[in-house]
Amino acid sequence: MSSALAGKPVRLWGDRISARVRGRQVVVCAALAAGLVVVLVLSLMLGDYPVPVGRVLSALFGGGARLDRFFVLDVRLPRALLAMAIGAALALAGAIFQRLSGNPLGSPDIVGFNDGAATGALLVTLVLGGVSVSAPLGAVLGGFVAAVAIYLLAYRGGVHGLRLILVGIGVSAILTSVRSYLITRADLSAAQGALAWLIGNLNALGWDQARPVLIGLACAVPVLTVLGRGLGLLEMGHERAAGLGVAVQRTQLLLLLVAIVLTALAVAYAGPIQFVALAAPQLARRLARTAGSALVTTALMGAVLLGCADLVAQRLFAPTQIPVGAVTLVLGGAYLAWLLHTERRAGRA
């Protein structure tokens, strides 16, 4: 039986919403959700002003000392939620790109969508002198322009996975050279800020940045839920999916749009954080032991990964905070080494 059809069918609201649920997947999701709560509580407790868990809970419900509420609700909570939301958004975008391309390397940070969003934001900031509102808009527009260019260049009566990746790598190289040129033309302080942002950074971010990402993720998830059935059927092959009533090209295009929006939202405020979109879908599928997309597991995995990475970035060299992108680069390198080792043991590399 195809993985897309495995599991127990569950129907809600008179068959308006249906899904297939596997026992192991439920257990993995519950474990990841519990891990997410632990990471959130630790993120709210630890810092230069430590707050014990009892006072954290009191502050979350509006009680406790004013200083506790300030650090928990105004400083640490928005950053922790922002890290988890960006991790979930990148993981979902990575899962979509990897399933559509049929290649585990087909994540947005490999095929150039991250670079498009980052280049758009830098163009607005360094060339147009944008303000805080326009840089995220530049990231969204840059992501869309890069996506359209990659899609059109890769389109030959459809979008083949390997061609999409190769075209994306080429466009990514061009965009990297554009960013390097922009930085060399900028003044010293602006260039230093741009380089720090390009690593991927959550330092000094608060509710002003967290709200748009949380709202965007909340809007994208229902759309992705509706399109999830089409994504699952596309994994069976385009011909089979078309035979089961899926409008292949339209579904591909809508899924790409959702993935681009999720990527642009993440890059707009935190910079191009690497490896989360690449690793989270693969780790989620291995834990759940499914060949399908496992979108809920993937979103939770991405949130846990970036939540943990941000906690490490804040506390590893405290009181100095390092960019979270530096931590994900180290974790990503370890993940690739482990992946290569397992593939060699399996005789696939």
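At what angle do the axes of helix α3 and helix α11 cross, and within what distance do they come? In this predicted model, the axes of α3, which spans residues 66-101, and α11, which spans residues 248-270, cross at roughly 145° and come within 9 Å. The crossing of these two helices is left-handed. On the side of α3, the contact is formed by I86, A89, L90, L92, A93, I96, F97 and L100, and these residues are met by Q252, L255, L256, V258, A259, I260, L262, T263, A266 and A270 of α11. Sorted by class, the residues of this contact comprise 16 nonpolar and two polar ones, with no charged residue taking part.

The protein to which this helix pair belongs has 349 residues, of which 48% count as buried. Its secondary structure is made up of 14 helices and two strands. Among the contacts with a sequence separation of 6 or more, 70% are accounted for by residues that lie 24 or more positions apart. The accessible surface of the protein amounts to about 16,900 Å², and carbon and sulfur atoms contribute 68% of that area.

A second helix pair can be described in the terms used for the first. Two packed helices are described by the angle between their axes and by the distance between those axes. For helix α5 (residues 113-127) and helix α8 (residues 188-199), the angle is about 160° and the axes are 12 Å apart. An angle over 145° counts as roughly antiparallel, and α5 and α8 are therefore placed in that class with respect to each other. The crossing of α5 and α8 is right-handed. The residues that meet are A118, A121, L122 and L126 from α5 and A190, A194, W197 and L198 from α8. By class, this contact holds eight nonpolar residues and neither polar nor charged ones.

Two residues within helices illustrate burial together with contacts beyond the local sequence. D68 is part of helix α3, and it counts as buried because its relative accessibility is 3%, where the cut-off for burial is under 20%. When neighbours within four places in sequence are left aside, D68 is in contact with Y49, V51, R55 and A59. L32, in turn, lies in helix α1, which covers residues 23-45, and with a relative accessibility of 10% L32 is likewise counted as buried. The C-alpha atoms of L32 and M301 are 6.6 Å apart in space, although the two residues are separated by 269 residues in sequence. M301 is also among the residues that L32 touches, together with T297, L300 and V304, when residues up to four places away in sequence are not counted.

The loop between α8 and α9 (207-234) contains N203, which at 23% relative accessibility counts as partly exposed. Leaving aside neighbours within four places in sequence, N203 is in contact with R79, Q321 and I322. Of these partners, R79 is 124 residues from N203 in sequence, while the C-alpha to C-alpha distance between the two is 8.2 Å. The loop between α8 and α9 also holds A204, and at 80% relative accessibility A204 counts as exposed.

The backbone of the model shows several further features of note. Most residues other than glycine have a negative phi, and most peptide bonds are trans. A204, which is not a glycine, has a positive phi near 70°. F275 is also a residue other than glycine with a positive phi, in this case of about 80°. F275 is placed in the loop between α11 and α12 (276-288), and its relative accessible area of 19% means that F275 is buried, given that burial requires a value under 20%. As for the peptide bonds, the one that joins A318 and P319 is cis, with an omega of about 10°. P319 is located in the loop between α13 (295-315) and α14 (324-345).

Terms used:
Residues numbered from 1 in each chain as written. Predicted model: local features only at pLDDT ≥ 70, side-chain atom pairs only at ≥ 80, totals over all residues. Heavy atoms only, no water. Helix = DSSP H or I, 4+ residues; strand = E, 2+ residues; numbered from the N terminus. Buried < 20%, exposed > 50% of the residue type's maximum accessible area, 1.4 Å probe, protein only. Contact = heavy atoms within 4.5 Å. Areas by Shrake-Rupley, 256 points an atom, 1.4 Å probe, with all protein chains shown as cover. Axes fitted to C-alpha atoms, helices over the stretch in contact; angles between N-to-C directions. Parallel < 35°, antiparallel > 145°, perpendicular 65-115°, else oblique. Left-handed = near helix turned anticlockwise from the far one by under 90°. Nonpolar A, V, L, I, M, F, W, Y, C, P; charged D, E, K, R; others polar.
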